[in-house]
Amino acid sequence: MVMKLNMTLPQKGLLLVVVPLIIQLGVLGYLTYLQLEEEQITVKAAHASEVDSAINQLVKNFLDNTTALEWEPNNGKNRADSNNSKNRDDSNNNQIDDTEYQTFKSEISQTLARLKELLKNEPQKKETVEEIERTAISATNILEAHKANSRTSLGDDSPKLQKRKFRACKERLNELLSQQLIPLCSEAKRVVAISPELQAENRNRVRVVLLATVLLDILFAIVVAVYYNRDIVKRLTTIFDNNLRLASGLPLLPPVSGNDEITKLDNVFHKMAAALEQAAQKERLVVENARDLICSLDAKGAFLTVSPASAILLGYSPDELIGGKISNLIHSSDRDATQNNLKLMMDGEQLAPFETRLVRKDGAIVDGLWSASWSPTEESLFCVVHDNTERKRVERLRQEIVQMVSHDLRTPLTSIRGILEMLENDAFGNLNDRGKKMVGLANQSSLRMLSLIRDLLEIEKMEAGMLELNRMRVPINSLIEQSIATVQPIAVERKVNLVGDSNPSEIFVDGDRIIQVLVNLIGNAIKFSPPNSTVKIQVKTDNQSTEFSVIDEGRGIPDSSLSHIFERFKQLQESDSKKEGGSGLGLAICKALVELHGGDISVSSAIGKGSNFSFRIPN
């Protein structure tokens, strides 16, 4: 069982580097220690060898020279009767003795100095050498005194005393050499003798340490491999398996243990998977409860997935449709066009939603509005089919009503208005004042009805895209002058002043339609302006567009009405339609005409201060 380390990945990586480094540094330190120990053994052996050599030299000097310089008694009183030949021989012997003595003294002094230097760090042994030195000095001093006595002919007792002292020193020297110096020499020889053994032992230690290091490195490598395999690699494998399980829709494996980055990654992955599952569940709920048909098709047009809405829209369950061709459900008249649109989308083209008719299981026709998107990665076409049947029915009904209004109402109203004008002109006899008044009211009502029918037909035509603009370069001054001239009689009647800007520029528009917009806006401004007020028509031009503004000094528009004032049949007050007339379609028509030119229209107003209707047309 591998111990789990509660560490992050950088910390684990650092541990994997530090542990071998510490081991190698420890081994290096121990090898350095062994090397230093071997160097010390070598130094000790060399030192012992030098000590042995110096002691041997000292012993040799004493053995050789003290034998050659044996004490030769001399009473110091040569008689006068000694012959000259003997005196010459004694003189020659003394000269030889002096030469050997000086050599002996120099060699002993040098050897003792060398020994003291070698044994300076060993006080006990150095003390023995110093005692030998003192004894040797005493002996040499006695010997020198003896030689001096022989030349100066001192008393008879002096040579004997000197001889005893000399022999005592010699005996002490022999004792020191045999009991102190010779064992010291033996110890030095022993150090030299065991030095190779110690060095061989040291080399064996080095081999053992190197072998142990190799084995420890191998063991550490095995532990690291097992750790990575059981801990890191195993957890990474779990995360990889979870990726495959998530892609396959299988339950995920339990979260991995630990406190490092792999554990955090796995936790984030589980949270992501939970979020994706929640999103997928919401998506399934949306798809399953959507009233629109949601499906996917393969490249051959066969159903891959179908939402439950197919039972409501087409009368087929999803299981009945999956695997079948979409072409089997399309109305024969729309089949070629629909398949062509689907093919274009599969080729990567983006098409606007298109309409096609589908055949229900019971044979009924369903008008469907299709939206689709091709996924190259999944090689599927994702489709949403909206049931457009009711809207198409309403459109057909509206068209029927428009046709009815256009033909069945406008023609009779035109005839009625003609008869009323004839009555008003006494074509059928004179009418009294009350009759003329009633005819005038009927004529105004017929005019209002004809205007309503005309506006209704016009706005339907614009929304159906059937109205074409006749654009040309038109002087701005001409547009303003014609618009003012059209509404001038109403302005005079209501005592409202009209003031228009002068602008020599031209604009590329349908002049009649822009005049229609201006007339509607100016007419509304006149209707709701008090007497003796002013309505201004202003124009501003720049490189991008031209802006027209109609500004009045009327009662203003409440903020609550500004957002829907351009909608159909909207009046500020219910009494406005009765008092001022109008169908409530004028501003809606203005908005439609401005937008046909690619422009926009807006209004700003303040209660009691008037209103400002502006529209901008691109140049």
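**View 1. Helix H12, end to end.** In this predicted model, H12 runs for 17 residues and covers 24 Å between its first and last C-alpha, close to the 24 Å expected at 1.5 Å a residue. The helix is mostly covered, with 12 of the 17 residues buried. Among the buried ones are Gly511, Arg513, Ile514, Ile515, Val517 and Leu518. Further along H12, Val519, Leu521, Ile522, Gly523, Ala525 and Ile526 are buried too.

**View 2. The largest nonpolar core, centred on Leu479 and Phe615.** Which residues have the most contacts inside the largest nonpolar core? Leu479 and Phe615 do, in a core that counts 44 residues. Helix H12 (residues 511–527) gives this core its largest share, 9 residues. Zoom in on leucine 479 and, leaving out residues up to four places away in sequence, you'll find it touching Val474, Ile507, Val509 and Phe548, plus Gly511, Ile514, Ile515 and Leu518. Those last four, Gly511, Ile514, Ile515 and Leu518, also turn up among the buried residues of H12. As background, nonpolar side chains tend to be buried together in soluble globular proteins.

**View 3. A second, separate core.** There's another nonpolar core to look at, made of 23 residues and separate from the one above. Phe104, Ile132, Leu173 and Leu176 are included in it.

**View 4. Arginine 616 and its two acidic partners.** Arginine 616 makes a salt bridge with aspartate 542, where the closest N and O atoms sit 4.0 Å apart. Arginine 616 belongs to strand E12 (residues 610–618) and aspartate 542 to the loop between strand E9 (534–541) and strand E10 (545–551), so this pair ties together parts 74 residues apart in sequence. Are the two side chains buried or exposed? Arginine 616 is partly exposed, at 31% relative accessibility, and aspartate 542 is partly exposed as well, at 39%. The side chain of arginine 616 also meets glutamate 547 in a salt bridge, at 3.5 Å from N to O. Glutamate 547 lies in strand E10 and arginine 616 in strand E12, so here the parts tied together are 69 residues apart in sequence.

**View 5. More salt bridges.** Lysine 343 pairs with aspartate 347 in a salt bridge, with 3.3 Å between the closest N and O atoms. Aspartate 347 counts as exposed because its relative accessibility is 53%, and the cut-off for exposed is over 50%. Elsewhere, a network of salt bridges links Glu37, Glu201 and Arg205. The count for the model comes to 15 salt bridges.

**View 6. A nonpolar patch on the surface.** Leu211, Val214, Leu215, Ile218 and Ile222 form a nonpolar patch on the surface, and together they have about 470 Å² of accessible area. Pick isoleucine 218 as a landmark: it is found in helix H4 (residues 157–248). Its relative accessible area is 45%, so isoleucine 218 is partly exposed.

**View 7. Zooming back out.** How many helices and strands does the protein have? The tally is 15 helices and 12 strands. Of the 619 residues, 33% are buried. The protein exposes about 37,200 Å², and 55% of that comes from carbon and sulfur atoms. If you take contacts between residues at least 6 apart in sequence, 65% of them join residues at least 24 apart.

Note on methods:
Residues are numbered from 1 along each chain as its sequence is written. This is a predicted model: local features need pLDDT of at least 70, side-chain atom pairs count only at pLDDT 80 or more; totals for chains, interfaces and linings use all residues. Side-chain values use heavy atoms; hydrogens and water are left out. Patches are made of residues with over 30% relative accessible area and no salt bridge: like charges are joined within 9 Å, nonpolar side chains (Val, Leu, Ile, Met, Phe, Trp, Tyr) within 5 Å. Accessible areas come from the Shrake-Rupley method with a 1.4 Å probe; for residues, only the protein chains shown count as cover. Helices (H or I, at least four residues) and strands (E, at least two) are DSSP runs, numbered from the N terminus. Buried means under 20% relative accessible area, exposed over 50%, partly exposed in between (1.4 Å probe, protein chains only). A nonpolar core is a set of buried Ala, Val, Leu, Ile, Met, Phe, Trp, Tyr and Cys residues joined through side-chain atoms within 4.5 Å. Contact means heavy atoms within 4.5 Å. The expected span of a helix is 1.5 Å times one less than its number of residues.
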